[in-house]
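Let's take a relaxed walk through a protein model. Have a look at the sequence and the structure first, then read on.

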Amino acid sequence: MSVVQMHPAVRHDRTTDETTAPIVALCQRVAGADLVSRQRERGEAAAFQAVLAAEAAMIGSFPDTLGAAVPPMSWTGYPPVDDAAHAACAVTPLGSADGDHSWWLHATQRHDQLGEAQHVLTLIAPCTCGTYLHVEIPDEDALIMMLDELDTAPGAPVACDYRLRIRSASYADPAHDDFEPPF
Ligand SMILES: [Zn+2]
């Protein structure tokens, strides 16, 4: 029986002594690792990716509306929250005609049954009851229809029963019970 010794031709940046057992080297590296800053760096990277994805979704899927109205690179990225229960997202303020209020556009991704990442764009608007409404915008036609039928001044609080008055296929958050400004 012959035993073939595996000798890799190139050793990649070995920083530990050749004679150190791998488990000892591993434990030394683990002892020096800063888990908090590793997680923060990953969160920041995810937030940046969310900004790039939001830009791409806006220009790619909403070229005649949001893509034309929202200034480039106006998004702010946010890292995932609660152990990625809430994926990284990006938000841009849409302002209002009177400058007293704001609507926001919220962009994130979710995975469908096949594991494909899908862009999820949500309009966040103040409601007349003092809470905030979340309305998912499936596509550009739905956005055009919703804004066309919404008899609210641009960026002003929306009436609680707005869904009863529009035909839009948008998916609204029925609870809208959060009184905290979202961003
Ligand atoms: Zn309301």
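Leaving aside residues up to four places away in sequence, which residues does Ala87 touch? They are Pro80, Thr108, Gln109 and Arg110, where touching, or being in contact, means that two C-beta atoms, placed from the backbone, lie within 7 Å.

Before going further, a word on the ground rules. Residues are numbered from 1 along each chain as its sequence is written. This is a predicted model, in which local features need pLDDT of at least 70 and side-chain atom pairs count only at pLDDT 80 or more, while totals for chains, interfaces and linings use all residues.

**How sure is the predictor?**

The pLDDT is the predictor's confidence in each residue, from 0 to 100. Its mean over the protein chain is 84, and 82% of the residues reach 70 or more. Residues 164-169 are a spot to treat with care: there the pLDDT is below 50, although the stretch has twelve contacts in the model beyond near neighbours in sequence.

**The overall layout**

The protein chain has five helices and six strands. Both kinds of element are DSSP runs numbered from the N terminus: helices are H or I with at least four residues, and strands are E with at least two. Starting at the N terminus, you meet them in the order α-α-α-β-β-β-β-β-α-α-β. Of the contacts between residues at least 6 apart in sequence, 51% join residues at least 24 apart.

**Strands side by side**

Two strands pair if DSSP finds at least two bridges between them. Here are four pairs, each with one example of bridge partners or opposite residues.

| Strands | Direction | Bridges | Example |
|---|---|---|---|
| strand 1 (residues 76-78) and strand 2 (residues 89-95) | antiparallel | three | Tyr78 and Cys89 |
| strand 2 and strand 3 (residues 103-111) | antiparallel | six | Pro93 and Trp104 |
| strand 3 and strand 4 | antiparallel | eight | Leu105 and Leu123 |
| strand 4 and strand 5 | antiparallel | five | Thr122 and Glu136 |

Ala125 also has a bridge partner in strand 5, namely Leu133. Two of these pairs are hairpins. Strand 3 and strand 4 have five residues between them, and Gly115 in that turn has a positive phi of about 85°. Strand 4 and strand 5 likewise form a hairpin with five residues in between, this time with Gly130 in the turn at a positive phi of about 100°. While you look at the strands, keep in mind that in a regular strand the side chains alternate between the two faces of the sheet.

**Helix 2 and the core**

A residue is called buried if 20 or more other C-beta atoms lie within 10 Å of its own, exposed if 12 or fewer do, and partly exposed in between, with the C-beta atoms placed from the backbone. Buried residues make up 22% of the 183 residues in the protein chain.

A nonpolar core is a set of buried Ala, Val, Leu, Ile, Met, Phe, Trp, Tyr and Cys residues joined through C-beta atoms within 7 Å. The largest one has 29 residues, and Ala50, Ala54, Ala90 and Ala107 touch the most other members. At least two residues each come from helix 2 (35-61), strand 2, strand 3, strand 4 (117-126), strand 5 (132-136) and helix 4 (140-149). Helix 2 gives the largest share, six residues.

So what is buried in helix 2? The list is Ala50, Val51, Ala53, Ala54, Ala57 and Met58. Their cover includes helix 3 (66-69), strand 1, strand 2, strand 3 and strand 4. Take Ala50: leaving out residues up to four places away in sequence, Ala50 touches Gly77, Ala88, Cys89, Ala90, Ala107 and Thr108.

You can also check the length of helix 2. The expected span is 1.5 Å times one less than the number of residues, so the 27 residues of helix 2 should span 39 Å, and the end C-alpha atoms are 38 Å apart, which agrees.

**Two loop residues**

Back to Ala87, which lies in the loop between strand 1 and strand 2. Ala87 is partly exposed, because 17 other C-beta atoms lie within 10 Å. Ala47 is 40 residues away along the chain, yet the C-alpha atoms of Ala87 and Ala47 are separated by 9.1 Å.

Is Met73, in the loop between helix 3 and strand 1, buried or exposed? Met73 counts as exposed, because it has 8 C-beta neighbours inside 10 Å. The phi of Met73 is near 55°, a positive value in a residue other than glycine.
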